[in-house]
2 protein chains.
Amino acid sequence: MRAEILTIGDELCRGEIVDTNSAYLAARLWDLDITTRWMTSCNDDVADMVDAMTRAVGRADVVVCSGGLGPTEDDLTVDVVSQLAGVEPVIDEPAKARMLERFGRLLAAGGVGNVEELTRIQLRQVRVPGGARVHANPVGLAPGFEVALRGVPVVCLPGVPRELYGIWDSGLGAHLAQLREARGDVERIARRIYRAFGRGESQISQACRGLVDDVAGASIHYQVKFPETLVKLVVRDRDQAAADARLAQLDEGVRARLAGIVYGTGDTETLVEKVTRRLIERGVTIAAAESCTGGMLGELLTRMPGSSKAFLGGVVAYADDVKVRQLGVAQATLAAHGAVSEQTAQEMALGARERFGSNLAVAITGIAGPGGGTPDKPVGTVWIALARRGSDDVTMKKLSWPGARDQIRLLSSWWALKLVDEQLDRENA
Amino acid sequence: MRAEILTIGDELCRGEIVDTNSAYLAARLWDLDITTRWMTSCNDDVADMVDAMTRAVGRADVVVCSGGLGPTEDDLTVDVVSQLAGVEPVIDEPAKARMLERFGRLLAAGGVGNVEELTRIQLRQVRVPGGARVHANPVGLAPGFEVALRGVPVVCLPGVPRELYGIWDSGLGAHLAQLREARGDVERIARRIYRAFGRGESQISQACRGLVDDVAGASIHYQVKFPETLVKLVVRDRDQAAADARLAQLDEGVRARLAGIVYGTGDTETLVEKVTRRLIERGVTIAAAESCTGGMLGELLTRMPGSSKAFLGGVVAYADDVKVRQLGVAQATLAAHGAVSEQTAQEMALGARERFGSNLAVAITGIAGPGGGTPDKPVGTVWIALARRGSDDVTMKKLSWPGARDQIRLLSSWWALKLVDEQLDRENA
C-alpha cells in the first residue's frame with residue numbers, strides 16, 4: 001500500500017518553517033506497513049493544489065494532506081477538495097459547537113471582545129466538504145476530514161503539528177490501520193528502539209555488524225541524536241508472532257553486543273528522564289557542581305515534573321574563586337592542578353555533597369572551547385566526578401572529545417547522568 | 001523564475017529524519033527572487049528519481065536536489081542524472097585529490113587501516129556526470145554538480161546539511177543569483193527581521209496593523225520562535241534603492257509601534273547572545289540565583305565563547321533550605337511570603353550579588369508546574385529580580401503565564417535576560 005503526503009503552505013515554500021509533519025506522518029504510516037512513495041509541498045494556490053492532489057490520487061493508494069485548514073482567505077484546502085469531489089463545503093456542527101463553547105469561555109474570561117465578530121471569521125475553519133468523513137480535532141478548532149477522489153482516500157489535516165498529532169492519536173491512525181488490513185497481505189512489524197550512549201555511531205554499528213544478516217525480514221538502522229544514538233531493530237513477517245519471536249531472539253544479541261552502552265528502550269524516555277525518574281522513585285537526593293556546563297546539568301535534572309523531590313540544587317562555579325568560596329575547593333588544588341583536573345573535579349563533588357547534604361553530588365569541570373585549550377589540556381578535556389554519601393571514593397570520568405562548544409557541554413552533562421545511572425545500578429545490585 | 005526542490009532518500013520517506021534542506025534552500029532561493037513552487041521528496045529508487053526529475057524540469061526554471069551522493073550502492077543521484085543527460089559518470093579529480101589527502105591524514109593519525117581499501121569504496125562519491133559543472137564541497141567529500149536537462153539547470157547537492165550549506169555559501173548562491181540576473185525583470189528585495197520579546201504574536205501583529213497597507217510592494221510576516229516573535233518586513237521593487245528607501249521609512253514605524261519589544265534585528269543574534277556580548281564588551285559581571293529554571297539561565301549565559309569574562313557563577317536553589325544557606329534568604333521571609341514571592345526573589349538576587357561580588361545579580365523563583373499551583377499562586381507565577389552593585393533598589397518583574405513547564409522555564413529565563421538588557425540600556429543612557 002503506497003502513500004503520498006502533501007503539505008500545503010506558502011510559508012513552507014518560502015522556507016520560513018521546516019516541514020516536520022511529513023516526517024511524522026511517514027513514520028506513522030511506515031509502522032502500519034504503508035510505504036510513503038512521495039512527499040510533496042506546494043503553495044496556497046488553487047491550481048497547484050489541484051495539480052498536486054490529482055497527481056497524488058493517480059499514483060498512491062492513500063493521500064494524507066496537511067495545511068490550508070485555517071480561518072484565513074489563504075486557507076483553501078476545503079474549497080479545493082470540495083471542487084475535486086464535486087460537492088459544496090458545509091459546516092461541521094460538532095466542530096462549530098466546540099468553537100462556540102471555547103469562545104464563550106474566552107469571552108467570559110475577558111479574553112476576547114466580541115464573540116459574534118470572531119465567530120464570523122472563524123466559521124471558515126469548521127467547514128468540511130459535504131459528505132466527508134470527519135476526523136475530529138481534540139486539540140484545536142479545525143476538524144480533519146476524508147473524502148474519496150477517484151476511489152482513493154484523501155485525508156486532510158490541519159498544519160499545526162500538535163493538532164495533527166492529536167487527530168492521528170485519537171482515531172485516524174486506527175482508521176488507516178483498518179484500511180490497510182482490509183487490503184490484506186499485511187506485513188506485521190516487530191520493532192524495538194535501543195537508546196545507546198557512551199560510544200559513537202560508527203563504534204555502535206561496528207559492534208552490531210552481521211547481527212541481522214541471517215535473520216529473515218530483519219533490519220537494523222542507526223540514527224544519531226547527539227549525544228546518543230538510536231539503534232532501530234525491525235523484523236517484518238506476515239505473522240506477528242513469528243516477527244515477535246525473531247525480534248526477541250535478536251534482542252539478546254543487541255544487548256550482549258552493546259552491554260554498558262544501551263541504557264533503555266523505546267521512543268520516549270531519554271537518559272535525562274530515566275535518571276530523574278529513578279532518583280525520585282528511590283528517594284535519592286542529588287546536587288550539582290558545574291563549571292563549563294554553566295547550569296546545563298541542573299537544567300536537565302529539573303526538566304521533569306516532581307524533580308524537586310530529588311534535585312536539591314547546585315552551584316555554577318564558573319570563576320575559580322567561586323569554586324573556592326561556594327564549594328570549598330582548596331586554593332592549593334587549583335594552584336597545583338588547575339581548574340580542569342581530576343583533583344579539582346573531585347573536590348567540587350565532595351564540596352557540593354557537604355554543602356547540599358545530598359546522597360549524591362556530581363561535578364563537571366572542563367574546557368568547552370573554542371578558546372582556552374593548551375597542549376596538555378586541549379579543548380574538549382572534561383573531568384566529571386560523582387561523590388556519594390558515606391564514602392570518600394569518588395567515581396571519576398575523563399572526556400577528551402574535540403567537538404564544538406555546545407556538543408562538549410551536552411556530552412559532559414550526559415556523561416554526568418550516565419555516572420549517576422551506573423551508580424544507581426550498583427546500589428540496586 | 002520558478003524553482004523546484006527535490007530531496008532524495010529512503011530515510012526521508014520512512015520519516016526517520018526531518019527534511020531541513022528543503023526549507024534552507026527555499027529560503028535562500030526566495031532571497032534571490034526565485035520562487036519555490038514545489039518541494040518533493042522521494043525514495044532512493046531509480047524509477048521514482050527519474051520520474052521526479054523529469055517532472056521537475058518540465059515545470060520549473062531551476063531544479064535543486066539534495067541527497068543520494070554518498071558512497072553506498074543506495075546513492076543513485078549521479079547515475080540517474082547521467083542517464084537523463086545521456087552521459088557517463090566520471091571521477092572529479094579535484095574532489096578525489098582532496099579525499100586522498102584527507103584519508104592520508106587519517107591514516108597517518110592511525111584513524112583508518114588501509115587507504116586503498118577505503119578509497120575504492122569512497123571513489124563512488126567523487127563521481128559527477130561527464131561534462132557537469134562542479135560545485136566544490138568545502139566541508140565534505142562529495143562534490144555538488146550541475147547539468148542542464150531539457151535546458152533547465154539541475155543542481156545536485158549532498159544531503160548532509162552542513163555540506164549543502166558549505167557549497168551554497170562558497171559559490172552556488174552567487175552562481176544562482178547570476179542565473180536569476182541573466183533572466184532580467186528581477187525584483188529587488190529590501191528586508192529586515194525584527195526580533196521581538198515581551199508580548200505575544202497576536203499583540204505584536206495587532207500593534208503593526210495597517211503599517212504596510214499603503215506601501216507598494218511591502219509585506220509583513222510574523223514567525224513565532226517561542227519565546228520570541230520574528231517580525232519580517234519585506235519590500236520588493238525593480239529598483240533596489242527604491243525598495244531600500246521604503247524599507248527605511250517603514251523601519252521607523254515598526255520601531256515606534258514595537259518600542260520596548262524589539263530588542264534587535266537580523267538573523268543571528270538572539271537576546272541570549274546580545275546580552276552576553278554587551279556584558280563582555282562593557283566588563284560587567286553577573287551572577288544568577290535560580291529556582292524553577294534549575295540552571296537554565298546560567299546555561300544560556302555561558303553559551304557564547306568568552307562568557308567567563310562576564311558570568312561568574314550561580315546558585316541553583318531548588319530546595320528552600322538551599323535558598324537560606326547558599327543565598328542568605330531569611331527563614332522569616334520564606335515563612336511569611338513563601339518561596340515564590342517578591343520578597344524571596346529580592347533576597348535571592350541580593351544574596352547572589354553579595355556572595356559572588358558581581359556587578360549584577362538576577363534571581364528567578366516560580367512555579368513551573370504542572371503541580372504546585374495554588375489559587376493565590378497558580379502555575380506560571382514567577383518572580384524575577386535584578387540587583388545591581390551600589391544600590392538596594394532591585395528591579396522586579398512578575399510573570400503570570402499559564403503554559404507548559406518547559407515554556408514557563410524558558411520564558412522566565414528570557415525575562416531575566418530582558419531585565420539585564422534594559423539595565424544595560426539605562427547605564428548607557
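Two strands are said to pair if DSSP finds at least two bridges between them. Helices (H or I, at least four residues) and strands (E, at least two) are DSSP runs, numbered from the N terminus.

The model is a predicted one, in which local features need pLDDT of at least 70, side-chain atom pairs count only at pLDDT 80 or more, and totals for chains, interfaces and linings use all residues. Residues are numbered from 1 along each chain as its sequence is written, while chains are lettered from A and ligands numbered from 1 in the order in which they are written.

**Contact between the chains**

Strand β14 (residues 311–317) of chain A runs antiparallel to β14(B), and five bridges join the two. Within this pairing, A:V315 stands opposite B:V315. The contact, counted where C-beta atoms placed from the backbone lie within 7 Å, takes 51 residues from chain B and 52 residues from chain A. On the side of chain B that touches chain A, the elements giving two or more residues are these:

| Element of chain B | Residues |
|---|---|
| α2 | 21–31 |
| β2 | 35–42 |
| β14 | 311–317 |
| α12 | 320–327 |
| α11 | 296–301 |

**Helix α10 of chain B**

Helix α10(B) covers residues 271–282, and its end C-alpha atoms are 16 Å apart, which agrees with the 16 Å expected for 12 residues (1.5 Å times one less than the number of residues). B:L271, B:V275, B:T276 and B:L279 are buried in α10(B) (20 or more other C-beta atoms within 10 Å of the residue's own, these atoms being placed from the backbone). Seen down the axis, the buried residues of α10(B) fall within an arc of 130°, so they line one face of the helix; the arc is that of the directions from the helix axis to the C-beta atoms. B:G283, with a positive phi near 65°, follows α10(B).

Methods:
A residue is buried if 20 or more other C-beta atoms lie within 10 Å of its own, exposed if 12 or fewer, and partly exposed in between; C-beta atoms are placed from the backbone. Two residues are in contact if their C-beta atoms, placed from the backbone, lie within 7 Å.
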